[in-house]
Each structure stands twice: as structure tokens, then as C-alpha cells.
Amino acid sequence: MKKLLVLILGLLLSVPAIGQVKLEITGGAEAALPIAVVPFQSETSTSQLDFANIIRDNLYRSGLFDPISPDNHLGQPARFEDVRFRNWRALGADTLVVGEIRPGEGGNYRVRYELLDVYGGERMTGQRFTVAPEGLRNLAHTISDQIFEAVTGRPGGFNTRIAYVEEEGSVDDPTYRLTIAEADGHRPQTILTSSQPLMSPDWSPDGERLAYVSFESGRSSQVFVQDVGTGERRSVAAFRGINGAPAWSPDGETLAITLSRGGNPDIYLIAADGSGDARQLTDHFGIDTEPVWSPDGEHLYFTSNRGGGPQIYRIPASGGEAERVTFEGKYNASPSVSANGRLLAFTHRQDGHFRIAVQDLEEDFMRVLTDGQLDESPSFSASGSMIAYTRSVDDGTELATVSVFGRVQGGLTEFDNTVREPDWGPL
Amino acid sequence: MIKRETARDVALSIGAHAVLFLVFTVSLRFGSSLDDAVPGTEQSMQATAISQPVPDQEAEREAEAQAQREAEEQARREAEEQAQREAEEQAQREAEEQAQREAEEQARREAEEQARREAEEQARREAEEQARREAEEQARREAEEQAQREAEEQARREAEEQARREAEEQARREAEEQARREAEALAQRQAEARGTYDAAIRQKINRAWSRPPGIPEGLSAVVAVRLGPGGTVLSAEVVESSGNAAFDRSAERAVLRADPLPMPDEPSLAAPYRRGVELTFTPE
């Protein structure tokens, strides 16, 4: 009998068609990952700020996560040991965040969180922190970063800042503010107020300075560089005519700016400290403006109407021939390059509306990401997964973000004011 | 040999007795008196009494008578001696004859005895020999028979063994054939089941597979899945990484989300799946 079994087994194994089963799974779908961020257990009323909600919103805006509403949560475990994974699987959550906030010494808080793999039933990451009360929001961003990176393998970039210009007051008596907010639009801080227009803020690569355009001297524009921490500022470009659209080189040494001192606007390079003369990079009778650097510092992208309507062009940083990059549509302007240099975001006119589009620079493939009426001034997040931009609302414009993948778009804050030209700061 | 010696000893002994008897008889004659009536001497005393003359005249006659007597005495003594000698000779001859006869008799008896014994011995030996031969013959026949029986038994056993082996071989071949047919049938049914269930598994996992947007193109990951009864996912592990952690995790999760996977109930059809399923995940 045993012999027979061995024989049969041998015969079975000798038939190649019924060896190990190998299958190809082709397709699937891209979708935001369902995640449950359980409200952090807290004994204190000071954490009125909804810690878990900050994380939830961050993850949602990235477009890569689909947080499950806490209303649907089954229980509120605060630690791994208390989690009944079956419940969360039933809820469809792939990952789960639990944690707690407790008062610590000296008015600080002790915060602990754990990221759990619901299907694997295991802990992916987690950490303990001690923070001052004012550090809680940043900590929520830091934890968001850790979750994002643990799940996607990419940096989250939630603990970054966005600079933008606000315009308030009447048309006759406007006030301009240069403002910095957290990446989720919260806790805006104005670092400069002017009765004259402020334009085109651009973060230095180290995140310590902002270059921007100010018309404070009257009729002509200047480019200023301001230390964000100290408020110290100085003019680095005040040439005749237009001094506009500064852009830091990746090494922080050079600013690309638009000057019209040659008669019409062209792209020039100047030292970031304003020393020395400007070196002309483009020379065309059309308008060349809004330069941005490729991450490797080898090229600059800029907007030019040299072909008729505005399009994006590229030119070597060392000079030479500019080549057109965008071809779809008659209006493509205000470029921003992703941190990996692969994607170019710009304002694209589609069916009479201005929208944010991205073009894959390797595949030459363009996608329109937003569906607003007037979406402008895209700026890639440092992590490259989101784009900040402005969009029109009833009585003005607001700061918004759109995820590059998944196309989650939404306003960050409710403003009474008009918001212009956001620039997303470095990590 | 021993018996022959004994016979001679007996003969010698008889001879010795005869001599002793003679000596004894003679010595009795020398020392005997008339009173000594011994049956053996009665005759010679009678004979002596018969031959003695009776003297009757004087001197001359005396002398003559003397001489006569002496002569007669002489004659008588001589006669007596003669008789004595003759008697003795006779006796001796007789004794000798007797002894001779006895010896002969003895010898005869002994010879007879010897012959008898020898005959008996011969007969005995022959009987023994006969018995031995018969016994040997018997033993030989029995040995032959035994050998015969054993040979037959051996042959029978070998024949049985042969038959048994052939039967086993036959049974084995039939079993092999049967097993082969069953295995073929099983393989056929497994192949059919594979067609159905492979598609079902692919479909279910495909539906369950969602990956975070923005993952680079051209990735592929291989997930090894161990399945329990009823298609329960025991484990799902990336064995060939795509190089992208999020992609890998999405593949693993797709399997876990699809748990349990479609699988045949019948153990023989489920066997290929139970041995492990290898899934290659590719977006396009």
C-alpha cells in the first residue's frame, strides 16, 4: 500500500502540468490606501486640537491614503495589544494608527503612536516623543511623514512650509502680506507687510531664506532676499525695468531672475547675495520669464511667448539654445519641477479654463490634475507627491493642493483674502 | 584366541591330572598292604596268588625245593614284575589311552566347541554383517527417501514461490497500470480544475489588488502563498521584490484581502494549490 502511494505520488510529481501553481496577476487598480487613524487617547483637554485629524487630513491630501471616518471605527484602541485586527479588516482598513497623548513634565506632552499592518497583524513602525504644547502640530506632521514613508517608501513632506502672498483690503487701498504657513495651511505667519505689491516668493534650498519681488520703492520692482528667522532682508536685484520671478539654484548660490534691462524681459543669472553683475541667459524678442531650475542645476525651464502663446521652454544653465517642452494647448505657463526632475507642473488652459497639469518629461505625457475655473501657480511639494496652487473661489482665490497621483484636490484654508503664487518649501 | 588358549590349558590340566593319578597309583602300590583294598590293585594281587607253587619235600628237596622255590620265587617275582610291569604298562597305556582319549575327546570337544564357537561367531558376524548391511541398506533407502522428499518439497516450494512471485508481479503490474490510469485521470481532472480555479484566483486577487498611485511603471513582484484547507491563506510573502516597498506590500495585501482564495474542495484537486501558489504581480 505504501509502495502504491509512493508510486502514485511519483506519477503525480512527474506530470509537469501539476507542479507548483504559478499565476500571473496582471492589472489591479491604483487606489488610495484605506487607513484608520484612531483618535489618540488623551486625558487632557489641551489637546483640543484633533491630533489624529491632522494626520488624517495630511494623509488624505497626499492622494495616496483614504482615511476611514472615525465615526465608522470599531472601538478606540490606543495600543497594539488592544487592537482586534479582525474588526479593522472588516472595516476595510489596510493600516491602522493608534496612539495616545499624555501630560508630561514641565507642561510638555508625551506622545506615542504605532502604525499597524491590519492584514499582517503586526507593527510597522512607531515612536515616543516629548513635545512642548506648541510643538504638537509639527509632531502630527512628523508622525504623518513617518506613516507616509513607512507605507509608500517615499518621504511625506508634511512637516514643510508654504510661502505665499496675500492681498487684502480694497482695490484702492490694498495690503500685501508675505505669509508662511504649515503645509496644511495652518498657523499662517506674515513675515512682511506692504502697501505695494509683493510677488513671486521662492524658498532658498536650505529653507532659511525667501527671495521675492517687491514694488515697495514705488514704480519699479526689486528682488529681495529675506532671512525668515531673523527678518533681515536686502535687495539683490534692482535693475532698470522689470526685476522679477526669482528662482534659487539648487546649490543656493545663484538666483535666476527676469530682467527687462535689455529692452524686453529675458532670463538672467545673478549671485544670490546680489554681488557682481547679472549674466544674461536668454536673448529673445519675446517675453521670457518665470524661470525654475532642474534639480540637478543643469537646466532651467521658463515661460516664453516666443512661439506665439505662452509655452514652457528649457535652456542649459550654461547658456545655449532654448527648446520647447510643452506642446499641448495654447497656454502653458508658470512651470514647477518635481524634486526628482521627472515631472513638470504648469498652468494649462483647457476649454477656456486654467488648470494645473503635469507633464512627464521622460514620457512626454501630460495630465490635467485639477478641474477648477482658474487654477494657477503650481508649486511641487518637496516630496513631489503634491502640488500647491491657487484656485478661484467666489470672492477671490484660495490656497489649495492637489495630489499628483490620485488627484485629490482641496482648499487648505478658508481665506477672506486673495492668495497668490504659493511656493512649497524644502523638507 | 583367548578361547583357544583356554582349550589348551584345559587339555594340559587334564594331562597333568592323568600323570598325577599314575604317580599316585604307583606310589600306592609300593606302600600298600593287603588290607589296603584298593579297587585298582585287586587284580594284580589275585594274579599273584594264582601263579604261586606249593613246596612239600626236605633239604634236597628242600634245596631243590629251595631252588625251586627260589626259581619259582624268581619266576614268580619276574612274573610278578612282568605282570606288574605289564599291568603298569597296561595301566599306563590305558591311562595314556584314557588320557589320550580324554585329550582327544577334550580336543575334539574343544575343536567342536571351537568350531561351534567359530561357527556361532561366524554366524553372529554374518548376522551382524547382515544386520549391518540391512541397516545400512535401510538407512540408505531412508536417506534416499528423505532426500527425495526434501527435493520434492524444495521443488514444490520453489514452484510455489515462483507462482507467488509471478502473481505478485502480475498484481504489481496491474496496480501500476491502475495507478497510472488513476493518476492520468486525476491529472486530467486537476488540469480541468486548474483551468477553472486559476482563473477564479486571478480574478479575486486582481479585484483585491489596489496599489498606491504614483508607483513607477514596469514593476513586478512575486508573492509566494501557502494555502490551507478551503483556500485559507496561511501566509503570503514577497519572494522577489519589485524594489518598491509600497508595490510589494500592495501585492501581499491583495492576497490577504482575497483570503480565502477559490480552491477545489476535493483534496486531490486541491493538492497542487496546497503545495504553494506563486503569484507574479504586474500592473500592465
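Which residues of α2(A) are buried? In this predicted model, they are Phe51(A), Ala52(A), Ile54(A), Ile55(A), Arg56(A), Asp57(A), Asn58(A), Leu59(A) and Arg61(A). Chain A has 427 residues, of which 46% are buried, and its secondary structure comprises 4 helices and 32 strands. The points below treat helix α2 and its packing against α4, then the strand pairings of chain A, and finally the contact with chain B.

**Chain A overall**

- Contacts in chain A between residues at least 6 apart in sequence include a 43% share that joins residues at least 24 apart.
- The strands number 32 and the helices 4.

**Helix α2 and its packing against α4**

- Helix α2 of chain A spans residues 51-61 and is mostly covered, with 9 of its 11 residues buried.
- The buried set includes Arg56(A), Asp57(A) and Arg61(A), alongside residues such as Phe51(A) and Leu59(A).
- Just after α2(A), Gly63(A) adopts a positive phi of about 80°.
- The axes of α2(A) and α4(A) lie 9 Å apart, and the two helices pack at an angle of about 45°.
- Because angles outside the roughly parallel, roughly antiparallel and roughly perpendicular ranges count as oblique, α2(A) and α4(A) are oblique to each other.
- The crossing of α2(A) and α4(A) is right-handed.
- On the α2(A) side, the contact is made by Phe51(A), Ile54(A), Ile55(A), Asn58(A) and Leu59(A).
- On the α4(A) side, the contact is made by Leu136(A), Arg137(A), Ala140(A), His141(A), Ile143(A), Ser144(A), Ile147(A) and Phe148(A).
- By class, the residues of this contact of α2(A) with α4(A) comprise 9 nonpolar, 3 polar and 1 charged.
- An α-helix has 3.6 residues a turn, so residues three or four places apart point the same way.

**The sheet β16-β17-β18-β19**

- Four strands of chain A form an open sheet in the order β16-β17-β18-β19, with antiparallel pairing.
- The edges are taken by β16 (243-248) and β19 (279-280) of chain A; each has a single partner strand, so one side of each is left without a neighbour in the sheet.
- Within the sheet, β17 (residues 254-259) and β18 (residues 266-271) of chain A run antiparallel and are joined by 6 bridges.
- Leu259(A) has Asp266(A) in β18(A) as its bridge partner.

**Strand β32 and its partner β9**

- Strand β32 of chain A, residues 418-424, is mostly covered, as 6 of its 7 residues are buried.
- Strand β9 (residues 161-169) of chain A runs antiparallel to β32(A), and 5 bridges join the two.
- One of the residue pairings sets Glu167(A) against Thr418(A) in β32(A).

**Contact between chains A and B**

- Chain A contributes 32 residues to the contact and chain B contributes 38.
- On the side of chain A that touches chain B, the elements giving two or more residues are α1 (2-14), β1 (21-26), β2 (29-30) and α4 (136-152) of chain A.
- Of these, β1(A) supplies the largest share, 6 residues.
- That side of chain A consists of 19 nonpolar, 9 polar and 4 charged residues.
- Strand pairing also crosses between the chains: β2(A) and strand β1 (residues 210-211) of chain B pair in the parallel sense over 2 bridges.
- In this pairing, Arg211(B) in β1(B) stands opposite Glu30(A).
- Helix α4(A) thus appears in two settings: it packs against α2(A), and it is among the elements of chain A that touch chain B.

Conventions
Residues numbered from 1 in each chain as written. Chains lettered and ligands numbered in written order. Predicted model: local features only at pLDDT ≥ 70, side-chain atom pairs only at ≥ 80, totals over all residues. Buried ≥ 20, exposed ≤ 12 C-beta atoms within 10 Å, placed from the backbone. Pairing = 2+ DSSP bridges. Contact = placed C-beta atoms within 7 Å. Nonpolar A, V, L, I, M, F, W, Y, C, P; charged D, E, K, R; others polar. Axes fitted to C-alpha atoms, helices over the stretch in contact; angles between N-to-C directions. Parallel < 35°, antiparallel > 145°, perpendicular 65-115°, else oblique. Left-handed = near helix turned anticlockwise from the far one by under 90°.
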